[in-house]
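Welcome! Take a moment to turn the model around on your screen, and then let us walk through it together.

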Amino acid sequence: MNNRNLRLMSIDALASISALYIAFLVRFDFSIPENFLFLFVDWVPWFMFLQISVFYSAGLYARIWRYTSLFDLYAILLSVTAVSVISVIFVFIYSGSEGYPRSVLLIYYILNALVTVAIRLSVRV
């Protein structure tokens, strides 16, 4: 694993954290209750790990981003969808349907897709 891939993984980890935090902020009108803030902190490592693992497995770190095309966009969206589906499954297994705000998961999916695509396309600009 080279230095470039480690930087991309770090950027993706920060993007995942940011998307999840903003999803909580949007869900709770920019005032996250303390119990949900603890929930956010508890789940952040899992969301980061899932995102990096799925992206690595999908080969997103092996691509040359200066030549990003629609096929790369499709791969990114497919990977983000996989991350979100796996995250929803884990959240419902460990927290049940009552313990985690479902709207946060939907907002996270949308924001994560937008942020990830923006990061990848910013290299091309």
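What follows is a short tour of some helices, a surface patch and a salt bridge. Please keep in mind that this is a predicted model.

Let us begin with helix H1, which covers residues 3-27. How far apart should the ends of its 25 residues be? At 1.5 Å a residue, the expected span is 36 Å, and the end C-alpha atoms are indeed 36 Å apart, so the two values agree. At the start of H1, Asn2 lends a hand: one of its side-chain oxygens comes to within 2.8 Å of the backbone nitrogen of Asn5. Asn5 is itself one of the buried residues of H1, a list that also includes Leu8, Met9, Asp12, Leu20 and Phe24. After H1 comes Asp29, where phi is positive, near 50 degrees.

H1 also has something to show on the surface. Look for Tyr21, Ile22, Val26, Phe30 and Leu37, which make up a nonpolar patch there with about 450 Å² of accessible area together. H1 is the largest contributor, giving three residues to this patch. One member, Tyr21, lies in H1. Its relative accessible area is 35%, and because "partly exposed" runs from 20% to 50%, Tyr21 belongs in that class.

Now move along to helix H3, residues 70-99, which tells another story. A straight helix of its 30 residues would reach 44 Å at 1.5 Å a residue, but the end C-alpha atoms of H3 are only 38 Å apart. Where does H3 bend? The place to look is Ile93, where the helix bends by about 80 degrees. H3 has its buried residues as well, among them Asp72, Ala75, Ile76, Val80, Val83 and Val91.

Our last stop is a pairing of charges. Side chains of opposite charge can pair when their charged atoms come close. How many salt bridges does a search of the whole structure find? The search turns up one. The partners are Arg120 and Asp12, whose side chains meet at 2.9 Å, N to O. This pair links distant parts of the chain, since Arg120 sits in helix H4 (residues 102-124) and Asp12 in helix H1, 108 residues apart. Are these partners buried or exposed? A residue under 20% relative accessible area counts as buried. Arg120 has a relative accessibility of 1%, so it counts as buried, and Asp12, at 0%, counts as buried too.

Methods
Residues are numbered from 1 along each chain as its sequence is written. This is a predicted model: local features need pLDDT of at least 70, side-chain atom pairs count only at pLDDT 80 or more; totals for chains, interfaces and linings use all residues. Side-chain values use heavy atoms; hydrogens and water are left out. Helices (H or I, at least four residues) and strands (E, at least two) are DSSP runs, numbered from the N terminus. The expected span of a helix is 1.5 Å times one less than its number of residues. Buried means under 20% relative accessible area, exposed over 50%, partly exposed in between (1.4 Å probe, protein chains only). A polar contact is a pair of N or O atoms within 3.5 Å; within protein, one must be able to donate a hydrogen and the other to accept it, and residues adjacent in sequence count only if both atoms are side-chain atoms. Patches are made of residues with over 30% relative accessible area and no salt bridge: like charges are joined within 9 Å, nonpolar side chains (Val, Leu, Ile, Met, Phe, Trp, Tyr) within 5 Å. Accessible areas come from the Shrake-Rupley method with a 1.4 Å probe; for residues, only the protein chains shown count as cover. A salt bridge is a side-chain nitrogen of Lys or Arg within 4 Å of a carboxyl oxygen of Asp or Glu. The bend at a residue is the angle between axes fitted to the seven residues ending there and the seven starting there.
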